[in-house]
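Reader: I would like a close look at a single part of this model. Please take one strand and follow it through its surroundings.

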Amino acid sequence: MPADPVAEAPARLIVSRDSNSPNACDVELYVNLDVVAKLGPGEHTSLDLPSGELSVAVALSPDGYCGGRGPDAAQSVLLRPGETRQFAIMVEPHRVFLAPLID
C-alpha cells in the first residue's frame with residue numbers, strides 16, 4: 001500500500017491581534033519557547049508548523065517602554081496534519097493570552 005501523504009502534511013497556525021488593542025506595545029508569539037513573531041495592533045501571522053503537540057504562548061515585547069518579561073504560561077496545542085487553527089491575541093491591562101477562534 002502507498003504511504004499516506006497527508007500524514008506528512010504540515011499544519012498551519014494563524015494568530016491575529018485586534019486593531020483596537022488597549023495598548024500599542026508589540027506582543028511576541030512563542031512556539032516551543034522560541035519567539036517566532038512579533039505582532040503590533042491589527043497585525044497577524046500565519047505559520048506552517050509540523051503536526052503534533054506544540055507549546056504556544058504570548059507576552060508583551062521587552063522592547064521600548066512596554067518592558068515585557070516573557071510569557072507567563074504556555075498553552076498546549078495539538079495540530080493534526082493539514083489542519084489550520086486560528087487564535088486571537090487578547091491584551092488586557094495586566095495580562096496577555098491567546099484565545100482560540102472557532103470557525
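Author: What follows is a walk along β7 and then into the core and the pocket. The model is predicted.

Start with the strand's partners. β7 covers residues 84–92 and pairs with β1, residues 11–17. The two run in the parallel sense, over 6 bridges. Ser16 stands opposite Ala88 of β7.

β7 also pairs with β8, residues 95–101. Here the sense is antiparallel, and 7 bridges join the two strands. A hairpin of 2 residues connects β7 to β8. Val91 has Val96 in β8 as its bridge partner.

Next, the core. The largest nonpolar core holds 20 residues. Ile89 is among the members that touch the most others, along with Val15, Leu29, Leu49, Val56, Val58 and Leu98. β7 gives two or more residues to this core, as do β1, β2, β3, β4, β5, β6 and β8. Take Val56 as an example of the contacts. Leaving out residues up to four places away in sequence, Val56 touches Leu13, Leu29, Tyr30, Ala74, Gln75, Val77 and Leu98.

Last, the pocket. The largest one encloses about 230 Å³ of space. Its lining has 17 residues. β7 gives two or more of them, and so do β5 and β8. β5 gives the most, with 3 residues. Nearest the centre lie Leu60, Arg69, Asp72, Arg95 and Val96. Val96 is also the bridge partner of Val91. By type, the lining splits into 8 nonpolar, 5 polar and 4 charged residues.

Terms used
Residues numbered from 1 in each chain as written. Predicted model: local features only at pLDDT ≥ 70, side-chain atom pairs only at ≥ 80, totals over all residues. Heavy atoms only, no water. Pairing = 2+ DSSP bridges. Helix = DSSP H or I, 4+ residues; strand = E, 2+ residues; numbered from the N terminus. Core = buried A, V, L, I, M, F, W, Y, C linked by side-chain atoms within 4.5 Å. Buried < 20%, exposed > 50% of the residue type's maximum accessible area, 1.4 Å probe, protein only. Contact = heavy atoms within 4.5 Å. 1 Å grid on protein atoms, 1.4 Å probe; cavity = no way out; pocket = protein on both sides within 12 Å on 5 of 7 lines; lining within 4 Å. Points joined across faces, edges and corners; volume = space filled by probe spheres on them. Nonpolar A, V, L, I, M, F, W, Y, C, P; charged D, E, K, R; others polar.
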